[in-house]
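Here is a short report on a protein model. Look at the sequence and the structure, then read on.

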Amino acid sequence: MLGRASMLLPCRSILPARARPFSTDLPAAPSADATFTEAWTKVIPNMDPPKTPLSFMQPRPPTPSSIPSKLTVNFVLPYASELATKEVDMVIVPATTGQMGVLPGHVATIAELKPGVLSVHEGSEMTKYFVSSGFVFIHANSFADIIAVEAVPLDRLDVNLVQKGLAEFTSKLSSATTDLEKAEAQIGIDVHSALNSALTG
Amino acid sequence: MASNAAVPFWRAAGMTYITYSNICANLVRNCLKEPYKTDALSREKVHFSISKWTDGKPEKPSFCSVFIRSLHLPDMVANL
């Protein structure tokens, strides 16, 4: 059957696997909107054209040809920006597939995070945060964007509350009836055991 | 591409990623030490206004601001 299908498409060329380039492979985007300024000066030559959003944005840096020495990290939360374009040596993120170390020159990746510890290594310092969940986007130009809903430094967590929560959710799991209750109890157990191992490990 | 990859247990139970993520964030906030905990609880608040419609016209909206923990969304929508 496969042989007949390939006979039916003799002249169709196979599209290349990457027909469109990744956004970080393109040259840096222009910082002024050329078509807008031209159209403006045609209609209103006497006034300066207003700034468009494009001029406020910093263009994405292109992928350098050699691996840079530092990783630039943007770590953001919905209510605050923890790290903004900070240059670090390495970050270890708690991805669903396990603890993932990100060094400069890491392959472009999107990873979903599970509740766990995020550590930022800069020189000899290491800062640890407990992340509830989120995503990390690693770009080919050694920029990493980490977005999380809630991230707290480990010293702000209370061990007794964590253990109480773990016991509470373990009992909830055994008494849960519907699928949804079971899922909620399981989430509670996962989060609290991750908190526990972060505080004790 | 693997489109039939094993779904996470919460999606199999009918929960969306946003619900899962918010539940995780709430659980972490509940385990914070005291001064940080009260600050964080104010972040959990959801402000919304509900207006019921009858005969194609909206009635006066009611403003609520509730902690998302106490929201039982399916029940709330069913009671509207």
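A:Lys172 and A:Glu168 meet through their side chains in a salt bridge, with N and O 3.6 Å apart. This is a predicted model. Both residues belong to helix α4 of chain A, which covers residues 159-175. They are 4 residues apart there, so about one helical turn separates them. How buried or exposed is A:Lys172? A:Lys172 counts as partly exposed, because its relative accessibility is 40%. A:Glu168 is also partly exposed, with a relative accessible area of 40%.

A:Lys172 has another partner. Its charged end sits over the ring of A:Phe169, 4.7 Å from the ring centre.

## Salt bridges

How many salt bridges does a search of the whole structure find? The search finds 4 over all chains. The table lists some of them.

| Lysine | Acidic partner | Closest N to O |
|---|---|---|
| A:Lys70 | A:Asp89 | 3.0 Å |
| A:Lys70 | A:Glu122 | 3.2 Å |
| A:Lys172 | A:Glu168 | 3.6 Å |

Take the pair of A:Lys70 and A:Asp89, whose closest N and O atoms are 3.0 Å apart. A:Lys70 lies in the loop between α3 (53-56) and β1 (71-76) of chain A. A:Asp89 lies in the loop between β2 (81-88) and β3 (90-95) of chain A. The two parts are 19 residues apart in sequence, so the pair ties them together. A:Lys70 is partly exposed, with a relative accessible area of 24%. A:Asp89 is partly exposed too, at 26%.

A:Lys70 also forms a salt bridge with A:Glu122, with a closest N to O distance of 3.2 Å. Which parts of the chain does this pair link? It links distant ones: A:Lys70 is in the loop between α3 and β1 of chain A, while A:Glu122 is in strand β6 (residues 116-122) of chain A. They are 52 residues apart. A:Glu122 counts as partly exposed, because its relative accessibility is 22%. Salt bridges with shared partners join A:Lys70, A:Asp89 and A:Glu122 into one network.

## Aromatic pairs

Now turn to the rings. A pair of aromatic rings is described by the distance of the centres and the angle of the planes. Over all chains, the count comes to 7 aromatic pairs. One of them joins A:Phe135 and B:Tyr17. Their ring centres are 5.2 Å apart. Their planes are at 50°, so the pair is tilted. A tilted pair is one whose plane angle is neither under 30 degrees nor over 60.

This pair crosses between chains. A:Phe135 is in strand β8 (residues 134-138) of chain A. B:Tyr17 is in helix α2 (residues 17-30) of chain B. A:Phe135 is partly exposed, with a relative accessible area of 27%. B:Tyr17 is buried, at 17%.

B:Tyr17 pairs with B:Tyr20 as well. The centres of these two rings are 6.0 Å apart, and the planes are at 55°, so this pair is tilted. B:Tyr17 and B:Tyr20 are 3 residues apart in helix α2 of chain B, so about one helical turn separates them. Both residues are buried. Which residues do ring pairs link into a cluster? The members are A:Phe135, A:Phe137, B:Trp10, B:Tyr17 and B:Tyr20.

## A buried serine

Where is A:Ser132 found? A:Ser132 is in the loop between β7 (125-131) and β8 of chain A. It counts as buried, because its relative accessible area is 0%. Leaving out residues up to four places away in sequence, A:Ser132 touches residues of chain A and of chain B. In chain A these are A:Lys114, A:Pro115, A:Val149 and A:Glu150. In chain B they are B:Cys24, B:Ala25 and B:Val28.

## Chain A as a whole

Step back to the full chain. Chain A has 5 helices and 10 strands. Of its 201 residues, 31% are buried. Among contacts in chain A with a separation of 6 or more, 50% come from residues 24 or more positions apart. The chain exposes about 12,400 Å², and carbon and sulfur atoms supply 61% of that area.

An unreviewed UniProt entry lists residues 72-142 of chain A as "domain: ATP synthase F1 complex delta/epsilon subunit N-terminal". What is the chain like over residues 72-142 of chain A? This stretch is 0% helix and 68% strand. Its end C-alpha atoms are 6 Å apart.

Conventions:
Residues are numbered from 1 along each chain as its sequence is written. Chains are lettered from A and ligands numbered from 1 in the order in which they are written. This is a predicted model: local features need pLDDT of at least 70, side-chain atom pairs count only at pLDDT 80 or more; totals for chains, interfaces and linings use all residues. Side-chain values use heavy atoms; hydrogens and water are left out. UniProt positions are given in the numbering used here, feature names are shortened, and annotations may be inferred rather than shown by experiment. Rings of Phe, Tyr and Trp (its six-membered ring) pair if their centres lie within 6.5 Å; planes under 30 degrees apart count as stacked, over 60 as edge-to-face and the rest as tilted. Buried means under 20% relative accessible area, exposed over 50%, partly exposed in between (1.4 Å probe, protein chains only). A charge sits over a ring if NZ of Lys or CZ of Arg is within 6 Å of the ring centre and within 35 degrees of the ring normal. Contact means heavy atoms within 4.5 Å. Accessible areas come from the Shrake-Rupley method with a 1.4 Å probe; for residues, only the protein chains shown count as cover.
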